[in-house]
Each structure stands twice: as structure tokens, then as C-alpha cells.
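User: Could you take a close look at the strands and how they pair, and then follow them out to the helices around them? I work at the bench, so a plain, connected walk-through would suit me well.

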Amino acid sequence: MIREKYARLAYHRFPRTTAQYLGHGRADTAPPEEGLPDFHPPPQPQEDPYCLDDAPPNLGYLVHMQGGIFFVYDNKKMLQRQEPHSLPYPDLETYTVDMSHILALITDGPTKTYCHRRLNFLESKFSLHEMLNEMSEFKELKSNPHRDFYNVRKVDTHIHAAACMNQKHLLRFIKHTYQTEPDRTVAEKWGRKITLRQVFDSLHMDPYDLTVDSLDVHAGRQTFHRFDKFNSKYNPVGASELRDLYLKTENYLGGEYFARMVKEVARELEESKYQYSEPRLSIYGRSPKEWPNLARWFIQHKVYSPNMRWIIQVPRIYDIFRSKKLLPSFGKMLENIFLPLFEATINPQDHRELHLFLKYVTGFDSVDDESKHSDHMFSDKSPSPEIWTSEQNPPYSYYLYYMYANIMVLNNLRRERGLSTFLFRPHCGEAGSITHLVSAFLTADNISHGLLLKKSPVLQYLYYLAQIPIAMSPLSNNSLFLEYSKNPLREFLHKGLHVSLSTDDPMQFHYTKEALMEEYAIAAQVWKLSTCDLCEIARNSVLQSGLSHQEKQKFLGQNYYKEGPEGNDIRKTNVAQIRMAFRYETLCNELSFLSDAMKSEEITALIHWNQRQLYTGPHF
Ligand SMILES: [Zn+2]
């Protein structure tokens, strides 16, 4: 009952996200296939992944930004009359009201106690399940032919493209380029052409002597709680020249070296067959040219790989661009990020390269150091992006709202045209304020990190009920914010939160060629995870990824989108049905417990809690 009401309301308010919620949600409220996000299926082997000819016709709609959000108009007349094309548009006031509702909720004493108890109960319940059923789970897996942990599909759900190769790989590549093409012009400074040899000469370096230690890209003891130091680890040998040359898509070589390395990583994934990854490429919002340039880089260097799906990360560094006078306002930054996308969606014929590239992009990420504090409190009185001209950086929740709002409008427009849609998958809860997790609860499809859920029982319980996927990277956390042994991943997994394992930055954190396997292996060793645990994590990773419906059906089973045991095909996932049944029953139990409590008028705190639930969570 709650769910039905909820879906209806949410359909009003969060049309895009409701669709996603139904993807994760129970089947009884709507036909389950209906709500799945649309991702472009990979091209068939005989098809050309770079074919530019299938762009749909232009529509000639107009777009105009108002209050930081793009509105779509059928023609000039409609624009003058301020009558936008009928798409759902978000409303700032409701968002801020919802925000404050949840904020009140997470500090409410009785609710806190309640959630804390339920979470403890969930954990104990799992221990009991483990004690009673571990052997039967194991037996079920043993009798499952062909499939084992090594050949279930795993997706690296959180990885940055600029660090997707390990340090040894980067080192080998640098040496190789120096040996084979030292006299190639690789940069231009003050009108003077510079060869690769000259680059190294100016740094007083001979690549032959380079080692992984002198490369100094690995995170270590010095980076703990020092995100600034960590960021500088992206510069090989501490030299930003090398970062520009080897790890950027825009440089004198048109990002050729970077593309070559990414392709080498992709080849390794293709060879290992069962691993996929979702690397993040940056769009900064300095200029509208970034998008066509990125699309050109992708097509020119033929970076497509069936084992990779791309995510666009937007660093929250408006303040830096503003202080360098590269941007007049925050609104301009949003315009640079989103206007090219709206144009490519409305008039694909005029933006064929970008249209093609967007087929392989499945989501957006918002990244930066979360522990940076902002003095501004986001509310409906906050200045809108067009008049946000100060040098101060807007707070996290402000970034998230405007990213989400524009993605939502864009998605509805794209769905109307039968084009693929995007998920919003920000970094969240790695450090900083707990309120970040509240913003993401409202706006995100899934998040990366989520460490701070540890500190708020109410939010943790909400994330559990809503089954919001969390991509966790304990090795990355170990170098930056939280020691491995204190990482909550095992605890979250046991309670039944939807967690997956990811590498974040293999260049900084990993030692072997198979970084994702390294991540799984270490987690398995340290926490003594069973095969069933590992395969459950792997299954989660495919579910939360941007792989297309067809691929998910192939990797997880025909009915993967259904919840509970019927959505599981053990022959493909190697997750025991006993485990699936346990998870499903436990979740249903919690939900029915809540709906019963809502009916009883005595427990007023809970009623409040549930009503707010109805208004707040897009994911539930
Ligand atoms: Zn990251």
C-alpha cells in the first residue's frame, strides 16, 4: 500500500527517478520492465561502433535557461509566451522543503533509536542466517555447473579514467614512447614546438632511470586525510607536464597517449572476458567546446570497448575557474555542461559526433574533496545559478540539485525521442558533512563511497529500505579517509544494503594488473567473505551499472529486474537461492512492519516518519 501511494506521488514529482526506483523496486506496483533506465545496447559484432549515420532528424526546439535549469520550447512563439514543451520540471521549493524534512528526521531522537535497533536486528539476523544456512548455501553453489566466482560478471562501478591503469602500466608506457618516438613533437610552448626528448630534458630526467617509486603516483601514508596531496599524485614525477601529455584528452597530440593507454586497459578487460568497467571522463564546464572535443577524442582514437561504459564526472571547482576569471557565474558553468547535450538531443544531425558518443555515456558523477567546508546554506532563498557570481564555491547540495534537475529534464526529453537516458551517480559520503547523503538520497540513482552512513542510523536504514546502490572502495578509503579494518563494507553487506566493490584509482591504490580482482581478493581475505558473499557483490555491481537491459539479461538472467529469488538465475550469477530468499524476506518484513506501524495511531513518531517517507524518497 505504501509503495503504491508512493509510486504515484513520486511519479508526479520524480518521474525519472521513479522509473529508476521501479527498476529496483518490487514488481507488484507496475510492470517491472517499464521503469528501467534506457541504455543503448552495445553494437553487434558486425556493426560499426563509430557509425555516424543513424542520428534522428532535427526538431528545432529552443532551450532557454531559467533559474539554473534548462526549459525546452517548441518554437520562438512559445518561448516568448513562456510556455515550455510539456516535460516535467523540478521545483526548487519542494526540494528544499523535502531536504529539511529529512534533516529533521535524521536528528529526531525516537527515530534514531528505532532505526538503530532495526539495523542491529538486521545484522544479528544475518549472523543467524549464516550460522544456519552457510553449509546449504555452499552445497547449492557446489552443485551449480560451470559457474564459479571467476566467471560471474563483475563491473568496476567506480573508477576514474585518468587513473584506470596501474603505476607499472603507466611507467612502461612512458618508457615505451620515449624509446620509440623521442623526436616526435608532443607539445607547444610560447609558439615553440617541443619534442618528447626535450620534455624529459627540461625535467632533468632520463626515462630509463624511472621507477615506480620515482614516478610517485601511488598513495601512501602521507595522503591519509590529505586530499590535496592525493590530488597531486595524479602528476607523474610531480610534473604536471607529464600529466597533460599522458593523462589528458585535450593536448597537442589530441589525447593520443591517454587514448592508447585506456585502450590497452580495455584490451585486458576484453581478454579477461568477465570484467567490465565504468571509467569517468571529465567535463569541467569551462567552455561549451569540451563536449565536442571529448566526442572527437573518443571517435578519432577509436576508444570504444564492449567492456567499458563511460561516465562523465564534473569536478566541483567553480571557485577556481571563477577566481581565474574563466567563468562569470555558476550558471555559465551549468550552461557549458548541459547546453551542448540539449542541442545534441534536439538537433542530432548537427552534432553527429556528440550524438554518437552519448550512446556510450550512461551517467554523470559529481566529484571533489567532500571534506571542504562551505559557509553557504542552500535554501530556496539562495541566489540562482545565473546570479551566483561570487568567488565562493556553492555547497554540495547546490551542485547536486542543479545537476539532477538538468539531467532530469534532459532525460525526459531524450526518452521522448527514444534516446538513451543518464543516471546521476555522484561521489557521496566519503568525508565531510552527513547532509551530503541527504541530498543524494533525493537526487541520486546510486552513490560512490557512502562511508558516512556509518554515522547516521536513520540514513543508513533509509538507504537500506530504498536499496540505493553504493559502490564502495575500501582500498581507496584506506589510503585517504578510513583504515581498512574500520571500513563498514562487511557490515553493510550483512545488513543487506546494496553494495558493490570498485577500485576508484588503480594507479594510486593497486599493485596488480587485475585491480578489481585485487579489491575482491583483499576484501575476501580480510573479512573472510564466502563465495556466496562475493558473488552477491558481483551481482549487485552488474545491477547498479550502466550496462544495457540486454546485457543484464545475458549476465544475470532473463528476469534480473524482478526482486527476490525469482529475479536470480543461479546458473549465471552463482548466488544461492537461499541467500536471495533470505534478503527478500527480510526486506519485505521490514516494510510490512513499517506499514503496520503506520496503521496504528499510537506510534505517532512512526507515522510522521512514514508520511515523510512518502514525500521525500525518490528511490523507495
Ligand atoms: Zn572516486
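Analyst: Let's start at Q66, whose bridge partner in strand 2 is I69. Please keep in mind that this is a predicted model. Q66 closes strand 1, which covers residues 62-66 and is joined to strand 2 by five bridges, with the two strands running antiparallel. Together they form a hairpin with two residues between the strands, and in this hairpin G67 takes a positive phi near 60°. Is strand 2 enclosed or open to the outside? Four of its five residues, within the stretch 69-73, are buried, so strand 2 is largely enclosed by the rest of the structure.

From the hairpin we can move on to the sheets. One is an open sheet of five strands in the order 3-6-7-8-9, with parallel pairing. Its edges are strand 3 (154-160) and strand 9 (423-424), each of which pairs on one side only. Walking across from strand 3, you come to strand 6, and these two pair in the parallel sense over five bridges. If you want a place to look, find V155, which stands opposite Y276 in strand 6. Strand 6 itself spans residues 275-282, and because six of its eight residues are buried, it is largely enclosed by the rest of the structure. On the way to strand 7, the pairing is again parallel and rests on three bridges between strand 6 and strand 7. Here S282 is a handy marker, standing opposite Q313 in strand 7. The next step goes from strand 7 (residues 310-315) to strand 8 (residues 361-367), with six bridges and a parallel run. Along that step, V314 has S366 of strand 8 as its bridge partner.

There is also an open sheet of four strands, in the order 10-11-12-13, with parallel pairing. In this sheet, strand 10 (427-428) and strand 13 (499-501) are the edges, pairing on one side only. Between the edges, strand 11 (residues 447-449) pairs with strand 12 (residues 470-472) in the parallel sense, over two bridges. I447 and I470 of strand 12 are bridge partners there. Helix 23 (residues 531-544) packs on this sheet and touches strand 12 and strand 13; the direction of helix 23 makes about 100° with that of strand 13.

Now for the helices. Two packed helices are described by the angle between their axes and the distance between the axes. Helix 14 (residues 330-346) packs against helix 16 (residues 396-416) at an angle of about 5°, and their axes are 10 Å apart. Angles under 35 degrees count as roughly parallel, and helix 14 and helix 16 are therefore roughly parallel to each other. On the helix 14 side, the contact uses L334, F338, L341, F342 and T345, while helix 16 brings Y402, N406, L410, L413 and R414. Sorted by class, this contact has seven nonpolar, two polar and one charged residues.

Helix 16 has another partner in helix 17 (residues 435-443): the axes come within 9 Å and cross at roughly 10°. That makes helix 16 roughly parallel to helix 17. Here Y396, S397, L400, Y401 and Y404 of helix 16 meet T435, H436, S439, A440 and T443 of helix 17. By class, the contact between helix 16 and helix 17 has five nonpolar, five polar and no charged residues.

One loop residue is worth a stop too. D350 sits in the loop between helix 14 and helix 15 (352-359). Is D350 buried or exposed? D350 has 12 C-beta neighbours inside 10 Å, so it counts as exposed. How far is D350 from P57 in sequence and in space? The two are 293 residues apart in sequence, yet 9.4 Å apart in space, C-alpha to C-alpha.

Finally, let's step back to the whole chain. The protein chain has 27 helices and 13 strands. Its radius of gyration is 24 Å, close to the 25 Å that the globule rule gives for 620 residues, so the chain is as compact as a globular protein of that length. Along the principal axes, its C-alpha trace spans about 80 × 65 × 50 Å. Of the 620 residues, 45% count as buried. Among contacts between residues at least 6 apart in sequence, 69% join residues at least 24 apart.

Note on methods:
Residues numbered from 1 in each chain as written. Predicted model: local features only at pLDDT ≥ 70, side-chain atom pairs only at ≥ 80, totals over all residues. Axes fitted to C-alpha atoms, helices over the stretch in contact; angles between N-to-C directions. Parallel < 35°, antiparallel > 145°, perpendicular 65-115°, else oblique. Contact = placed C-beta atoms within 7 Å. Nonpolar A, V, L, I, M, F, W, Y, C, P; charged D, E, K, R; others polar. Pairing = 2+ DSSP bridges. Rg over C-alpha atoms; globule rule 2.2 N^0.38 Å. Buried ≥ 20, exposed ≤ 12 C-beta atoms within 10 Å, placed from the backbone.
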